[in-house]
Amino acid sequence: MVNDKNKSTEESFGVFNDNRSFPILGGWLHFVKFETAKINECFEFVHSKQLYRGDNANAVIKATGGGAYKFADLFKEKLGVVIEKEDEMDCLVAGANFLLKAIRHEAFTHKEGLKEFVQINHNDMYPYLLVNIGSGVSMIKVDGDGKFQRVSGTNVGGGTYWGLGRLLTKCKSFDELLELSKMGDNSAIDMLVGDIYGGLDYSKIGLTASTIASSFGKAISENKEIEDYRPEDISLSLLSMISYNIGQISYLIALQYGIKRIFFGGFFIRGHAFTMDTVSFAIRFWSKGGAQAMFLRHEGFLGALGAFMSYEKHVLYDLMVDQLVETGK
Ligand SMILES: Nc1ncnc2c1ncn2[C@@H]1O[C@H](COP(=O)(O)OP(=O)(O)O)[C@@H](O)[C@H]1O
Ligand SMILES: CC(C)(COP(=O)(O)O)[C@@H](O)C(=O)NCCC(=O)O
């Protein structure tokens with residue numbers, strides 16, 4: 001993050017795929033991401049932009065998540081920078097609260113391919129359930145600034161989709177796996193209600209013939225090997241299974257704690273329409289239309305934002321929320 005009034009975004013940083021920029025306090029907030037496996041690119045970037053606080057002798061960077069622990073020694077060794085670790089849950093909540101208050105079109109619903117922005121009433125924002133889908137999934141009940149409890153989680157998350165997907169399809173990247181899913185037909189591998197009920201709905205319990213009765217269930221009854229299934233279909237079944245499962249658990253947790261609003265973040269989502277539609281469907285279905293999922297535009301940057309804000313916790317936060325003018329793409 002830098003604060004430089006005289007340079008355009010491109011002059012300051014160049015353009016990085018789908019990363020975003022926002023003006024703040026006369027400077028800009030820049031959002032840039034690196035895959036963990038490409039940590040060296042991150043070092044080069046931080047070095048070239050001098051993205052740390054203090055001079056070379058006592059340079060520090062605030063960071064959060066497992067990487068703040070895992071890569072602290074490498075940051076010291078490669079850049080001479082000390083990583084100041086901030087708690088991941090604190091940062092996720094601080095980041096989400098900030099975004100919900102400061103960015104006008106931050107939260108949106110997604111239903112059958114249609115995105116609709118949600119107006120957030122700052123005086124009636126809490127409690128909400130924050131579901132962060134990274135490698136694993138954390139579910140946090142947020143009651144205010146700094147007031148929260150991690151009420152649940154599941155180990156079936158983004159890492160599961162990418163890990164199992166890589167094994168089952170031989171895809172070389174997450175993007176490739178996600179792209180494949182767009183051409184998939186999950187009925188080739190999922191067992192549908194209609195497969196069990198001779199093509200009929202089971203309407204008495206609210207299930208249509210096309211509802212998935214058992215993810216990957218068709219594979220048990222056919223004399224087929226993994227090579228006989230299309231990677232496209234495998235990717236879609238896996239994505240359905242994981243997204244639906246997370247949506248369903250989230251709703252049950254929200255119900256357990258009497259929470260009406262559920263926001264989703266984390267890089268698993270990737271603004272991917274099918275993922276968001278599936279999470280939304282699960283919540284609508286189980287709540288009988290009473291609850292809906294909301295997604296955050298800066299889905300994968302909640303922790304990073306929270307860590308950034310911890311530099312000057314209270315002063316910076318108040319200034320930001322009051323003065324932010326959004327012009328980002
Ligand atoms: N380009 C990508 N490479 C790898 N994983 C990605 C990519 N884009 C999205 N993902 C998904 O994001 C997940 C990681 O999400 P993230 O919010 O960064 O959490 P973490 O803190 O665990 O890294 C991965 O498990 C994967 O499902
Ligand atoms: C351990 C974690 C908080 C780490 O966060 P992540 O890097 O996955 O975003 C997360 O993976 C998680 O909440 N896993 C689920 C663990 C559980 O509740 O069973």
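## Helix H6 against helix H7

Trp-162, Gly-165 and Thr-169 of helix H6 meet Phe-174, Leu-177 and Leu-180 of helix H7. By class, the residues of this contact split into four nonpolar, two polar and no charged. The structure is a predicted model.

The axes of H6 and H7 lie 10 Å apart, and the packing angle is about 75 degrees. Angles of 65 to 115 degrees count as roughly perpendicular, so H6 is roughly perpendicular to H7.

## Confidence

The protein chain has a mean pLDDT of 89. Of its residues, 86% reach 70 or more. The model scores are ipTM 0.98 and pTM 0.90.

Residues 1–18 need caution: their pLDDT is below 50. This stretch still has 24 contacts in the model beyond near neighbours in sequence. Where pLDDT is low, predicted coordinates should not be read in detail.

## Around ligand 1

The shell around ligand 1 holds 15 residues. Gly-134, Ser-135, Gly-158, Phe-174 and Phe-267 come nearest. Two elements give two or more residues to this shell: helix H6 (158–169) and helix H7 (174–181). H6 gives the most, with four residues.

Which class leads in this shell? The residues around ligand 1 comprise five nonpolar, seven polar and three charged. Phe-174 has two roles here. This residue is among those that come nearest to ligand 1, and Phe-174 also belongs to the H7 side of the contact with H6.

## Around ligand 2

Which residues surround ligand 2? Gly-65 and Gly-66 are in the shell. So are Gly-134, Ser-135, Gly-136, Val-137 and Ser-138. Gly-153, Thr-154 and Asn-155 complete the list. Strand S8 (137–144) and strand S9 (147–154) each supply at least two residues.

How does this shell divide by class? The shell around ligand 2 has one nonpolar residue, nine polar and no charged. Charged residues do occur around ligand 1, where there are three. Gly-134 and Ser-135 appear around ligand 2, and they are also among the residues nearest to ligand 1.

## The seven-stranded sheet

Seven strands make an open sheet with mixed pairing. Their order is S6-S5-S13-S12-S7-S8-S9. S6 and S9 stand at the edges, each with a single partner strand, so one side of each has no neighbour in the sheet. From one strand to the next, the twist averages 30 degrees.

Strands of a sheet pair through backbone hydrogen bonds, either parallel or antiparallel. Strand S12 (residues 261–265) pairs with S13 in the parallel sense, over three bridges. Here Phe-263 stands opposite Met-294 of S13. Helix H9 (residues 231–256) packs on the sheet and touches strand S7 (128–133), S8, S9, S12 and S13. The direction of H9 makes about 155 degrees with that of S7. Helix H10 (residues 273–286) also packs on the sheet, touching S5, S12 and S13. The direction of H10 makes about 85 degrees with that of S5.

## Strand S5 and its partners

Strand S5 (residues 107–111) pairs with strand S13 (residues 293–296) in the antiparallel sense, over two bridges. Ala-107 has Leu-296 of S13 as its bridge partner. S5 also pairs with strand S6 (residues 114–117), again antiparallel, over four bridges. In that pairing, Thr-109 is matched with Glu-116 of S6.

S5 and S6 form a hairpin with two residues between the strands. Glu-112 in this hairpin takes a positive phi near 45 degrees.

## Backbone details in loops

A cis peptide bond joins Tyr-126 and Pro-127, with omega about -10 degrees. Where is Pro-127 found? Pro-127 is in the loop between S6 and S7.

Gln-50 is not a glycine, yet its phi is positive, at about 55 degrees. Gln-50 lies in the loop between helix H2 (39–49) and strand S3 (60–64).

How values were computed:
Residues numbered from 1 in each chain as written. Chains lettered and ligands numbered in written order. Predicted model: local features only at pLDDT ≥ 70, side-chain atom pairs only at ≥ 80, totals over all residues. Near = placed C-beta within 6 Å. Nonpolar A, V, L, I, M, F, W, Y, C, P; charged D, E, K, R; others polar. Axes fitted to C-alpha atoms, helices over the stretch in contact; angles between N-to-C directions. Parallel < 35°, antiparallel > 145°, perpendicular 65-115°, else oblique. Contact = placed C-beta atoms within 7 Å. pLDDT = per-residue confidence, 0-100. Pairing = 2+ DSSP bridges.
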